[in-house]
Amino acid sequence: MTLCVFALIASEFMPVSLLTPIAADLAVSEGRAGQGIAVSGAAAVLASLSVARLAGRIDRKTVLLWLTGLMCLSGVVIALAPSYAVYMAGRALIGVVVGGFWSLSAATAMRLVPAPQVPRALAVFNGGNALATVVAAPLGSYLGAVIGWRGAFFCLVPVAVLALVWQWVSLPAMPVEPQRTRGPGSAIGLLRRPVVAVGMLAVGCFFLGQFALFTYVRPFLEDVTHAGGFTVSFILLVMGVAGFVGTTLISTALNRGFYRTLCIAPVLMALIAVALVCVGDRLTWVTALLGVWGLVATAVPVGWWTWVARTLPDDAEAGGGLMVAVVQLAIGLGSTAGGLLLDRSGYQSAFALSALVLLVAAGMVYLTWCASVGEGRAGAGA
């Protein structure tokens, strides 16, 4: 499962490190090329709310294998795309996999390990996310320079095939549990609980703010910081390594102050977004700031998935589907808004939007904390 997460995250966000050559090859602006993130997010929203119901009573191992196979197909389609439209179709396919896989991840963890170990299992799953941020962006940038962006995407296909075979061999059968297949209606119905509604708003604001900036890091580094290909790869590697470190440390921070950690993180990222506008032409400062960004941004999702497991222990698939829908919708909105602002008024506007929305996310976390106390769940999080 962790290897599949690695391949999935690397596939989903590979365009971030290859935005410039993709745009040049497909004859579109960098803002339009960045919409590949948005279309995968839109497809993920639809998939996350419907995969559990469409799969019906099919064994969840079989569903995960089909989704992993679709990831392999997506990589081939993107790498061979002769036009922008075909490229976007390939991006939509990876979005379906993202939505389906992540919506089932919490339920899968709950079935693979004893209840007390679910947060740790989710952290292991997210370890694949952290590893992808270490390897995928800098390696994608490097491979893009050596063998082209298409070759970089092709390199992900064997990894996805390996994940498919490994899952087929190692995962146990997971027959459907009726209480966890309630479908889109029950997912939306969870929003009637104040803590869920406000928490999902916090999640959405966090990811919207993050990807309004993160999607366009490469154009910023090239056009503002004037970093060359090797330097861009190095900075992306710094972000990835910092993210991996953050993922290993986040559990300690969450144990000491769950909601405090989730509140401080977006505030720190907002300050970094503002600082990047101020010192964007200073390579050392930019590298350090983006390193801290990677440390925080990569680790925070572990906290939010833990929040889902604690808040919705009896609605694993519905809660996971809702979480993925919110996250992917936010990623799509963030990358779209950031791209429009980048094309029309420059990176400063995109980064300012990121900072503003991240501050709103911090406020929503505080309201989620209050709602949790109101439900008698303060012990799950102060």
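I began with two phenylalanines in this predicted model, and both Phe220 and Phe351 turn out to be buried.

Next I looked up how their rings meet. The centres are 5.0 Å apart and the planes stand at 45°, so I noted the Phe220–Phe351 pair as tilted. I then checked where the two partners sit. Phe220 belongs to helix α10 (residues 217-223) and Phe351 to helix α15 (residues 347-374), so this pair ties together parts that are 131 residues apart in sequence.

Phe351 kept me busy a little longer, since Tyr347 also forms an aromatic pair with Phe351. Here I wrote down 5.5 Å from centre to centre and 80° between the planes, an edge-to-face arrangement. Tyr347 and Phe351 share helix α15 and lie 4 residues apart, about one turn of the helix.

How buried are these two residues? I found a relative accessible area of 15% for Tyr347 and of 2% for Phe351. With the cut-off for buried at under 20%, Tyr347 is therefore buried at its 15%, and Phe351 is likewise buried at its 2%.

Then I stepped back to the whole model. How many aromatic pairs are there? My tally reads 12 aromatic pairs.

I also looked for rings that group together, and I can report one aromatic cluster formed by Tyr87, Trp149 and Phe153.

Last entry of the day, a charge and a ring: the charged end of Arg32 sits over the ring of Tyr84, and I noted 4.4 Å from the centre of that ring.

Key. Residues numbered from 1 in each chain as written. Predicted model: local features only at pLDDT ≥ 70, side-chain atom pairs only at ≥ 80, totals over all residues. Heavy atoms only, no water. Phe/Tyr/Trp six-rings, centres within 6.5 Å; stacked < 30°, edge-to-face > 60°. Helix = DSSP H or I, 4+ residues; strand = E, 2+ residues; numbered from the N terminus. Buried < 20%, exposed > 50% of the residue type's maximum accessible area, 1.4 Å probe, protein only. Lys NZ or Arg CZ within 6 Å of the ring centre and 35° of its normal.
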